[in-house]
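This report describes a single protein chain at the level of its helices, side-chain pairs and backbone. Please keep the sequence and the model in view while reading.

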Amino acid sequence: MLAVCFAAITSLGWSREIDYARDIQPLLSENCYQCHGPDAKARKAKLRLDIREDAVRGRDGFHAILAGQPDASDVVYRIKSTAHDEVMPPPKSGKSLSKAEIDLIEEWILSLIHISEPTRRYAIS
């Protein structure tokens, strides 16, 4: 019975608030940080997704994450791409995101009306 109620609430758009530390950071850590994290030697495209300032900085007209605009965020474009040479994580990594995980990342970016300034980490408020 509880599962039915939860499914009904979720389908109406009444779901729990997305928490970066609980919901998003583990996805990025598992699927993205190997190439876009703290290890400077392994970093690709000079992009860090673990540091707010770097993830939201514009690069030649592109933004890895554009707060409030998942459709304009390169992260969303890349994780939804079907092109073998553009999709992230890259196929050779053996990693992939489920549709539910991609949807969650999109919802999170949409909910980023602002990103916490005092920290280098993301926050939803």
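The sections below treat the overall architecture, one helix pair, the salt bridges, and selected loop residues.

**Basis and overall architecture**

The model is predicted: local features need pLDDT of at least 70, side-chain atom pairs count only at pLDDT 80 or more, and totals for chains, interfaces and linings use all residues. Residues are numbered from 1 along each chain as its sequence is written, and side-chain values use heavy atoms, with hydrogens and water left out.

The protein contains 6 helices and 2 strands. Helices (H or I, at least four residues) and strands (E, at least two) are DSSP runs, numbered from the N terminus. Read from the N terminus, the order of elements is α-α-α-α-β-β-α-α. Of the 125 residues in the protein, 32% are buried. Here buried means under 20% relative accessible area, exposed means over 50%, and partly exposed lies in between (1.4 Å probe, protein chains only). Among contacts in the protein with a separation of 6 or more, 42% come from residues 24 or more positions apart; contact means heavy atoms within 4.5 Å.

**The packing of H2 and H6**

Helix H2 (residues 20–31) packs with helix H6 (residues 99–111) at an angle of about 120°, and their axes are 10 Å apart. Axes are lines fitted to C-alpha atoms, for helices over the stretch in contact, and angles run from 0 to 180 degrees between N-to-C directions. The two helices H2 and H6 are therefore oblique to each other. Under the convention used, angles under 35 degrees count as roughly parallel, over 145 as roughly antiparallel, 65 to 115 as roughly perpendicular and the rest as oblique.

On the H2 side, the contact is made by Tyr20, Asp23, Ile24 and Leu27, and on the H6 side by Glu101, Leu104, Ile105 and Trp108. By class, the contact of H2 with H6 comprises 6 nonpolar, no polar and 2 charged residues. Ala, Val, Leu, Ile, Met, Phe, Trp, Tyr, Cys and Pro count as nonpolar, Asp, Glu, Lys and Arg as charged, and the others, Gly among them, as polar.

**Salt bridges**

The structure holds 9 salt bridges, each defined as a side-chain nitrogen of Lys or Arg within 4 Å of a carboxyl oxygen of Asp or Glu. The table lists examples.

| Pair | Closest N and O atoms |
|---|---|
| Glu30 and Lys95 | 3.0 Å |
| Arg52 and Glu53 | 3.1 Å |
| Arg57 and Asp54 | 1.9 Å |

The salt bridge of Glu30 with Lys95 links distant parts of the chain: Glu30 is in helix H2, whereas Lys95 is in the loop between helix H5 (74–80) and H6, 65 residues apart. Glu30 is partly exposed, with a relative accessible area of 44%, and Lys95 is also partly exposed, at 25%.

In the pair of Arg52 and Glu53, Arg52 is buried, with a relative accessible area of 9%, whereas Glu53 is partly exposed at 35%. In the pair of Arg57 and Asp54, Arg57 is partly exposed at 42%, whereas Asp54 is buried at 10%. A network of salt bridges links Asp54, Arg57 and Arg59.

**Buried loop residues**

Cys32 lies in the loop between H2 and helix H3 (33–36) and is buried, with 13% relative accessibility. Leaving aside neighbours within four places in sequence, Cys32 is in contact with Leu27, Gly37 and Leu49. Cys32 and Arg48 are 16 residues apart in sequence, and their C-alpha atoms are 9.1 Å apart in space.

Ser81, in the loop between H5 and H6, is buried, with a relative accessible area of 13%. Outside its neighbours within four places in sequence, Ser81 is in contact with Glu86 and Val87.

**Backbone features**

Most residues other than glycine have a negative phi, and most peptide bonds are trans. Against that background, Met88 and Pro89 are joined by a cis peptide bond with omega of about -10°. Pro89 lies in the loop between H5 and H6.

Ala45 has a positive phi near 60°, and Lys46 has a positive phi of about 50°. Ala45 is in the loop between H3 and helix H4 (52–56), and Lys46 is likewise found in the loop between H3 and H4. Ala45 is exposed at 64% relative accessibility, and Lys46 is exposed, with a relative accessible area of 74%.
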